[in-house]
Amino acid sequence: MSDLNPSQGFAEQLRQSCITDWNACVQHRFVHEIFDGSLDDAVLRHYLVQDYQFINRFVALLGAAIASADVFAPRVVLSQFAGMVTSDENTYFLRSFDMLGVPEDQRLTPELTAPTKAFQQLMHEAAQSLNYANCMAVLAVAEGIYLDWADQPAKKHLPMPERFEHSEWIVLHANDFFRGFVGWLRSELDRIGPTLDETQKAEATHYFQRAVKLERQFFDHVYE
């Protein structure tokens, strides 16, 4: 893996390998507009309807990571996070759908866009691999990008937007529990990185880079 800097931990090596796309997500138009409360309802509705379709595959990915973990302790952390996703985050979606007037069929069986299908497929592939490094690589992107955009220092001085559909989506990804979980994901990648051979490391890197590219495409496509 000559494109990775061996002086960095594995998690930061992965992030730096696709830093342009990563930063494009963190500084995306969507992020700026949700913080200042100017996000158009049609954009938010499209974003949330498509994003909600990830929960099923995401929980399956967490399950695969739990099953493939090399020791017991990570299984506890991942199980606790799965509980949050299926409670607080799911409730936010349902309340937002009610506020935005999203009909039942659009909540459960909307027409999926190309980036949504591609990210679902990526999570499915990572889960089916039953490879802990692959699963953790995708999880570190899915949660790490959201922490970085929601918790960026330049935004902390700003007042929270008035509407809960905006403010709670930020707070769900900028709180002590979430910071701790993303920090743990990164530390787990650093822990297992040195144990991987070159083939395994290349495979995990490929999953990570695909996930970052798809995150950027997902943010972009809600304005199309």
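**Helices and core of an all-helical predicted model**

The buried residues of helix α12 are K201, A204, T205, Y207, F208, A211, V212, L214, E215, F218, F219 and H221. In this predicted model, these buried residues pack against six helices: α1 (10-16), α2 (19-26), α3 (29-36), α4 (41-52), α8 (114-129) and α9. An α-helix has 3.6 residues a turn, so residues three or four places apart point the same way. Helix α12 itself holds 24 residues. From first C-alpha to last it reaches 34 Å, close to the 34 Å expected at 1.5 Å a residue.

The N-terminal end of α12 is capped by D197. A side-chain oxygen of D197 lies 3.1 Å from the backbone nitrogen of T199. T199 belongs to α12, which covers residues 198-221. Because its relative accessibility is 60%, above the 50% cut-off, T199 counts as exposed. T199 and P103 stand 96 residues apart in sequence, and their C-alpha atoms are 46 Å apart in space.

The protein chain as a whole contains 12 helices and zero strands. Its order along the sequence is therefore α-α-α-α-α-α-α-α-α-α-α-α, with helices numbered from the N terminus. The radius of gyration is 17 Å. This value agrees with a compact globule of 224 residues, for which a radius near 17 Å would be expected. Along the principal axes, the C-alpha trace spans about 50 × 35 × 30 Å. Buried residues make up 51% of the 224 residues. The accessible surface comes to about 10100 Å², and carbon and sulfur atoms account for 52% of that area. Among contacts with a separation of 6 or more, 85% join residues 24 or more positions apart.

The largest nonpolar core has 79 residues. Within it, Y47 and W149 touch the most other members. Helix α9 gives the most to this core, with 15 residues. This helix is mostly covered, with 18 of its 19 residues buried. It runs over residues 132-150 and reaches 27 Å from its first C-alpha to its last, close to the 27 Å expected at 1.5 Å a residue. N131 caps the N-terminal end of α9. Here a side-chain oxygen of N131 lies 3.0 Å from the backbone nitrogen of A133.

W149 falls within the span of α9, residues 132-150. Neighbours within four places in sequence aside, W149 is in contact with C25, V26, V31, I34, F35, W169, I170 and F219. One of these partners, F219, is also among the buried residues of α12.

Two further residues illustrate contrasting environments. H166 lies in helix α10, residues 164-171. H166 is buried because its relative accessible area is 1%, under the 20% cut-off. Leaving aside neighbours within four places in sequence, H166 is in contact with I34, G37, L39, L44 and P161. I34 also appears among the contacts of W149.

D88 is found in helix α6, residues 73-100. Its relative accessible area is 49%, so D88 is classed as partly exposed, between the 20% and 50% cut-offs. The C-alpha atoms of D88 and L172 are separated by 8.3 Å, although the two residues are 84 residues apart along the chain.

Methods
Residues are numbered from 1 along each chain as its sequence is written. This is a predicted model: local features need pLDDT of at least 70, side-chain atom pairs count only at pLDDT 80 or more; totals for chains, interfaces and linings use all residues. Side-chain values use heavy atoms; hydrogens and water are left out. Helices (H or I, at least four residues) and strands (E, at least two) are DSSP runs, numbered from the N terminus. The expected span of a helix is 1.5 Å times one less than its number of residues. Buried means under 20% relative accessible area, exposed over 50%, partly exposed in between (1.4 Å probe, protein chains only). A polar contact is a pair of N or O atoms within 3.5 Å; within protein, one must be able to donate a hydrogen and the other to accept it, and residues adjacent in sequence count only if both atoms are side-chain atoms. The radius of gyration is taken over C-alpha atoms; the globule rule is 2.2 Å times the number of residues to the power 0.38. Contact means heavy atoms within 4.5 Å. Accessible areas come from the Shrake-Rupley method with a 1.4 Å probe; for residues, only the protein chains shown count as cover. A nonpolar core is a set of buried Ala, Val, Leu, Ile, Met, Phe, Trp, Tyr and Cys residues joined through side-chain atoms within 4.5 Å.
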